[in-house]
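User: Hi! I would like to learn how to read the main features of a fold, one at a time. Could you walk me through this one?

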Amino acid sequence: TKILIIFGTRPEAIKMAPLAKEFLKNTDLFDTKICVTAQHREMLDQVLQFFDITPDFDLDLMKPGQNLYGLTASIITNLQPVLENFSPDYVFVHGDTTTTMAGGIAAFYSGAKVCHIEAGLRTHNKRSPFPEEINRQVTSRIADYHFAPTTTSKENLLVENIAEDSIIVTGNTVIDALLESVEKVNQEPSPYIQEFSKTLGDKEMILVTGHRRENHGDGFIRICEALKAIALDNSDRLIVYPVHLNPNVQEPVKRILTEVPNVLLLAPLAYEDFIWMMNRSKLIITDSGGVQEEAPSLGKPVLVMRDTTERPEAVDAGTVILVGTDTDLIVSEALDLLNNPDRFDTMSRLHNPYGDGKACKRIVDFIGSLETVEKIS
Ligand code: UDP
């Protein structure tokens, strides 16, 4: 059985790497190939290196100033020869990026069965997050098999009349990646982390990330003002902020935060260094989807700088608090958590609703079972 796994961005690579490895382990059943669009380049390559994955096809599509029209078109046209030459039985795409949606369409044209990992997340607001919500909705229309991380995501798909027997609840593969990596990273921190530890000493740290298009502009200005206020109020704590490469993020962050004492602006971190930072932090402030899923497995409370969320499980479980991009709310929730040990401890002990680290095995077993049924019948 031929499997093609397609991805293009850093978070997709992190979430698809353990799946690729699980398929690659089963060489007697599967001929597995990996295709990267390289919608992100540097950040993607770093993850591939950490997980020791060499793509069979590298479309290398990232271009300066790329827009969604050009990117979508080039993903579809560049996938045609890959799909026609390898002729996979199953094509796996992940989540909600342009690579997901365009990869799904190209796979459908090729006649392969389309498998969607992290299926069924919804905000039900087609413009927010843009373009992710539409990417995931379109992919759900195309996909033959929907690997939903939680029962909530399964419910979302059922409401859209997707056949129940095509939906498999697996947990999120990001937890597989995290649990596989965290021990190794703690035992053998990289030279970068060893150096960083000296700067940090025994200070508490607050880890920040942010990149979402919906926060570009005024949102990031309010976020930076909040971080500045938190930093000025917490001279004994360090705010560590690996800044995403997107210029819309870089500009306000560097303008507002460069001179602020006890704010450390860093380049985006290698995945293994980021995991170490998460594990070492007291509190995480982010607009990232993946970080919200990872943090509860490390017992870290998260403030989420978004107004809508496709991850209500985390809000319901109490592992994250939605604070939007309101400066005052970000500051007051952060200070309350930092200064209220009871609230902090309760939050850090909550169960992670996103899985147990066995999602990839469930996915591979499911595809294996389809093949067995086909052979018997
Ligand atoms: N991450 C990383 N380095 C960083 C920041 C994040 O490796 O400097 C990882 C993090 O562990 C998580 C993923 O990147 O798995 C999240 O990516 P991002 O926030 O870009 O995207 P989202 O999850 O919102 O789609």
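User: Let's start with strand pairing. In which sense do strands E8 and E9 pair, and over how many bridges?

Analyst: Happy to help! The general idea is that strands of a sheet pair through backbone hydrogen bonds, either parallel or antiparallel. In this predicted model, strand E8 (residues 204-209) runs parallel to strand E9 (residues 237-242), and 4 bridges connect them. For a spot to look at, find Ile-206, which stands opposite Ile-239 in E9.

User: What is the strand order of the sheet that holds them?

Analyst: The order is E10-E9-E8-E11-E12-E13, an open sheet of 6 strands with parallel pairing. Its edge strands are E10 (263-266) and E13 (320-322), each of which pairs on one side only. On average, neighbouring strands in this sheet are turned by 20 degrees against each other, direction ignored.

User: Which strands does helix H9 touch?

Analyst: Helix H9 (residues 218-233) packs on the sheet and touches E8, E9 and E10. The direction of H9 makes about 155 degrees with that of E9. Helix H14 (residues 327-339) lies across strand E11 (283-286), strand E12 (302-304) and E13. The angle of H14 to E11 is about 165 degrees.

User: How many strands form the sheet that contains E1?

Analyst: That one has 7 strands in an open sheet, ordered E3-E2-E1-E4-E5-E6-E7, and the pairing is parallel. At its edges stand strand E3 (57-58) and strand E7 (167-169); each has a single partner strand, so one side of each has no neighbour in the sheet. Within the sheet, strand E1 (residues 2-7) and strand E4 (residues 90-94) run parallel and are joined by 3 bridges. Here Ile-5 stands opposite Phe-92 in E4.

User: Which helix lies across E1, E4 and E5?

Analyst: That is helix H4 (residues 98-110), which runs at about 165 degrees to E4.

User: Now for helix against helix. At what angle do H7 and H11 pack?

Analyst: As a general idea, two packed helices are described by the angle between their axes and the distance between the axes. Helix H7 (residues 173-187) and helix H11 (residues 271-280) pack at about 80 degrees, and their axes are 9 Å apart. This makes H7 roughly perpendicular to H11. On the H7 side, the residues are Leu-178, Ser-181, Val-182, Val-185 and Asn-186, and they meet Glu-272, Ile-275, Trp-276 and Asn-279 in H11. Sorted by class, the contact of H7 with H11 has 5 nonpolar, 3 polar and 1 charged residues.

User: How do the axes of H1 and H7 cross?

Analyst: The axes of helix H1 (residues 10-25) and H7 cross at roughly 80 degrees and come within 8 Å. That makes H1 roughly perpendicular to H7. H1 contributes Ile-14, Lys-15, Ala-17, Pro-18 and Leu-19 to the contact, while H7 contributes Thr-173, Val-174, Asp-176, Ala-177 and Glu-180. By class, the contact of H1 with H7 has 6 nonpolar, 1 polar and 3 charged residues.

User: I also like to check the backbone. Which peptide bond ending at Pro-129 is cis?

Analyst: For background, most residues other than glycine have a negative phi, and most peptide bonds are trans. The bond from Ser-128 to Pro-129 is cis, with omega near -5 degrees. Pro-129 is found in the loop between strand E5 (113-117) and helix H5 (132-142). Another cis peptide bond joins Phe-130 and Pro-131, with omega about -5 degrees, and Pro-131 also has its place in the loop between E5 and H5.

User: What is the phi of His-124, and where does His-124 lie?

Analyst: His-124 has a positive phi of about 65 degrees although it is not a glycine. His-124 lies in the loop between E5 and H5.

User: Which residues does the UniProt domain annotation cover?

Analyst: The unreviewed UniProt entry carries the annotation "domain: UDP-N-acetylglucosamine 2-epimerase" for residues 24-367. In the model, that span is 49% helix and 15% strand, with its end C-alpha atoms 13 Å apart.

User: What confidence scores come with the model?

Analyst: The protein chain averages a pLDDT of 96, and 99% of the residues score at least 70. The model scores ipTM 0.99 and pTM 0.95.

Terms used: Residues are numbered from 1 along each chain as its sequence is written. This is a predicted model: local features need pLDDT of at least 70, side-chain atom pairs count only at pLDDT 80 or more; totals for chains, interfaces and linings use all residues. pLDDT is the predictor's confidence in each residue, from 0 to 100. Two strands pair if DSSP finds at least two bridges between them. Helices (H or I, at least four residues) and strands (E, at least two) are DSSP runs, numbered from the N terminus. Axes are lines fitted to C-alpha atoms, for helices over the stretch in contact, and angles run from 0 to 180 degrees between N-to-C directions. Two residues are in contact if their C-beta atoms, placed from the backbone, lie within 7 Å. UniProt positions are given in the numbering used here, feature names are shortened, and annotations may be inferred rather than shown by experiment. Angles under 35 degrees count as roughly parallel, over 145 as roughly antiparallel, 65 to 115 as roughly perpendicular and the rest as oblique. Ala, Val, Leu, Ile, Met, Phe, Trp, Tyr, Cys and Pro count as nonpolar, Asp, Glu, Lys and Arg as charged, and the others, Gly among them, as polar.
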